[in-house]
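Biologist: Could you zoom in on one helix for me, and then on the pockets and the backbone oddities? I'd like it all in one go, cut-offs included.

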Amino acid sequence: MCGISGIINFNGLHAESQNEIRKITSALAHRGPDNEDFFSSPMVCFGHRRLSIIDLSEDANQPMQADSGNVIITFNGEIFNHEEIRNLLSSKYKFETDHSDTEVILHAYKEWGIDCIKRFTGQFAFAIYDKERQEVFLARDRIGQKPLYYSENENGLYFASEINALFKSGCFKKSINPNAVYDYLTYLTIKAPETFFNGISKLEPGH
């Protein structure tokens, strides 16, 4: 288990964005006690709290960058077939880690673009920023085992592994979503993208 976070504003991040991403990421400390780090650009910033499982080295810290910093990822989860994909790509791409599945995702994205997701067997939630394309995309595994929440305001799109982390940014006020409460009391579940709070959405599984 790790914690991921990010702020995306294609009109340019405002002055408080650095403080906001640190507050969001700090709220995820219990998900990843082994390392905390950040990536920041004029329009995108990512945060990451790491729980080291597959690759214990510092080389596997996140947010991780590839292609001279043109592709950046913050990732929570595990790609079960990462060694198989690494073997497919190793003749074309130079791997800096011994067995980090995070680095496998980066090179798979470089090879197949967003369709790389079709190659993965595992549980995951991640965000990739492609500087050259000026695109960011968020992805969640097919079953939805790893959580990913997001919200928007006048400053941009915010995302995190937990709802509470978004509130810690100070950018959003808690407001109960009565429809979600009704669904939970009726079905004992809330179907994504709905959550208990107005304005906070959950990325649907396989999206």
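Modeller: Here's the helix, then the pockets, then the backbone.

This is a predicted model, where local features need pLDDT of at least 70 and side-chain atom pairs count only at pLDDT 80 or more, while totals for chains, interfaces and linings use all residues. Residues are numbered from 1 along each chain as its sequence is written, and side-chain values use heavy atoms, with hydrogens and water left out.

The helix is α2, residues 82-89, where H82, I85, R86 and L89 are buried (under 20% relative accessible area; exposed is over 50%, partly exposed in between, with a 1.4 Å probe and protein chains only). Those four sit on the same side of α2, because they cover an arc of only 105° around the axis, taken from the directions from the helix axis to the C-beta atoms. That fits the usual rule: an α-helix has 3.6 residues a turn, so residues three or four places apart point the same way. Flip to the other side of α2 and you meet E83, E84, N87 and L88, which are exposed. The buried residues of α2 pack against β5 (71-79) and α3 (101-112), with contact meaning heavy atoms within 4.5 Å. Helices (H or I, at least four residues) and strands (E, at least two) are DSSP runs.

Now hang on to β5 and α3, as each supplies at least two residues of the largest pocket's lining. β5 gives the largest share, four residues. This pocket has a volume of about 260 Å³, and of its 19 lining residues, L51, I53, I54, G77 and D101 are closest to the centre. Its lining has seven nonpolar, seven polar and five charged residues.

α3 turns up again in the second largest pocket, where it gives the largest share of the lining, four residues; β4 (64-66) supplies at least two. The volume there is about 160 Å³. Among its 13 lining residues, Q65, A66, E96, E103 and H107 lie nearest the centre, and by class the lining has three nonpolar, four polar and six charged residues.

Last, the backbone. P63, in the loop between β3 (44-50) and β4, follows a cis peptide bond from Q62, with omega near -5°. The A192 to P193 bond is cis too, with omega near 15°, and P193 is in the loop between α5 (178-187) and β10 (201-202). L188 lies in the loop between α5 and β10; it has a positive phi of about 60° without being a glycine, and is exposed at 63% relative accessibility. Most residues other than glycine have a negative phi, and most peptide bonds are trans.

How values were computed:
On a 1 Å grid over the protein atoms alone, a cavity is a set of points where a 1.4 Å probe fits but cannot get out, and a pocket is an open set with protein on both sides within 12 Å along at least five of seven lines; lining residues have an atom within 4 Å of a point. Grid points are joined across faces, edges and corners, and a volume is the space filled by probe spheres set on the points. Ala, Val, Leu, Ile, Met, Phe, Trp, Tyr, Cys and Pro count as nonpolar, Asp, Glu, Lys and Arg as charged, and the others, Gly among them, as polar.
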